[in-house]
Amino acid sequence: MSFARVNGAVLHYLHREGTGRGVVFLNSLGTDHRIWESTAGRLPKDIPLLFLDKRGHGLSETSPATMETFSEDVAALMDRSAMADALVCGVSIGGLIAQTLALRRPDLVGGLVLSNTGLRIGDRESWTARLDALETSGLEGMADGVMSRWFSDGFRTSNPDEVEGYRAMLTRTPKDGYTAACEALRDADLSGRAAEIAVPTLCIAGGADIATPPDLVRALADAIPGATYEELDGVGHLPSIESPERVADLVQRIYGRLA
Ligand SMILES: O=C(O)CC1=CCC(=O)O1
């Protein structure tokens, strides 16, 4: 567990040293780095890993941010950890941050795993409505709806305790941090930039994801030159939690293919 002030905010990160190419994990809206724990724990024990809580989430300080700010934070922590040419795995907003990083700092990104994400997620109206709901009801009032977007019906029925735990992760997110990330999502649109991504890319969709449905992820894969697409049957928005063994297998497969 480490902390560093980068780009004006104190960020929380975990860097495991190792040998060979590193793997970086970027989390989604209202979550922290722990959503990748079960997946990362299935990867070889000797490879370097970097996890971080994006600003306004987990133990990282809150401040206004754009998708560029989030990607600069990742770049700063990778530079600090002497990690370059890494496999960068991002889920949802983490996938948008990963794409932004690949466009702005191609030296840092050797490959991408883009899970449950798109070139754009939602639209201006849907994020404005989310921000209004946050003002009216707070995260506590929104939490049931968010859980039904994060997890498939089957997972919620079979794993009530886990869902309760992740609900706590959501509701403990600072309101200002959640707001900043929603505003960044409202304003981010990478349509038209995908052709510039020049690294091996795997796009993962959840067959039961209603937040970033398979069609959105497939359109992302179609737009990035040479990208491959995998759909996980019956899985919701956070496959690293619902199906860590399948995600770890896919991460290892693309890791093994990187030159
Ligand atoms: O909270 C949601 O609806 C799911 C989500 C959208 C962007 C993100 O990072 O998570």
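How many helices and strands does the secondary structure of the protein chain come to? In this model, which is a predicted one, the protein chain has 10 helices and 8 strands.

Let me start with the chain as a whole. Its C-alpha trace spans about 50 × 40 × 35 Å along the principal axes, and for a chain of 259 residues a compact globule would have a radius of gyration near 18 Å, so the 17 Å of the protein chain agrees with that expectation. Of those 259 residues, 57% are buried, and if we take the contacts between residues at least 6 apart in sequence, 76% of them join residues that are at least 24 apart.

Turning to the surface, the protein chain exposes about 10,400 Å², and carbon and sulfur atoms supply 49% of that area. As for charge, there are 25 positive and 36 negative charges in the protein chain, and the mean positions of the two groups are 3 Å apart.

Now I would like to look at one element, helix α2, which covers residues 67-80. Why should α2 span 20 Å? Its 14 residues are counted at 1.5 Å a residue, with the span being 1.5 Å times one less than the number of residues, and the end C-alpha atoms of α2 are indeed 20 Å apart, which agrees with the expected value.

Which residues of α2 are buried? They are M67, T69, F70, S71, D73, V74, A75, L77 and M78. If you follow the chain onward, you will find A82 just after α2, and this residue takes a positive phi of about 55°.

Notes:
Residues numbered from 1 in each chain as written. Predicted model: local features only at pLDDT ≥ 70, side-chain atom pairs only at ≥ 80, totals over all residues. Heavy atoms only, no water. Helix = DSSP H or I, 4+ residues; strand = E, 2+ residues; numbered from the N terminus. Buried < 20%, exposed > 50% of the residue type's maximum accessible area, 1.4 Å probe, protein only. Rg over C-alpha atoms; globule rule 2.2 N^0.38 Å. Contact = heavy atoms within 4.5 Å. Areas by Shrake-Rupley, 256 points an atom, 1.4 Å probe, with all protein chains shown as cover. Lys, Arg positive; Asp, Glu negative; His and termini not counted. Charge placed at Lys NZ, Arg CZ, Asp CG, Glu CD.
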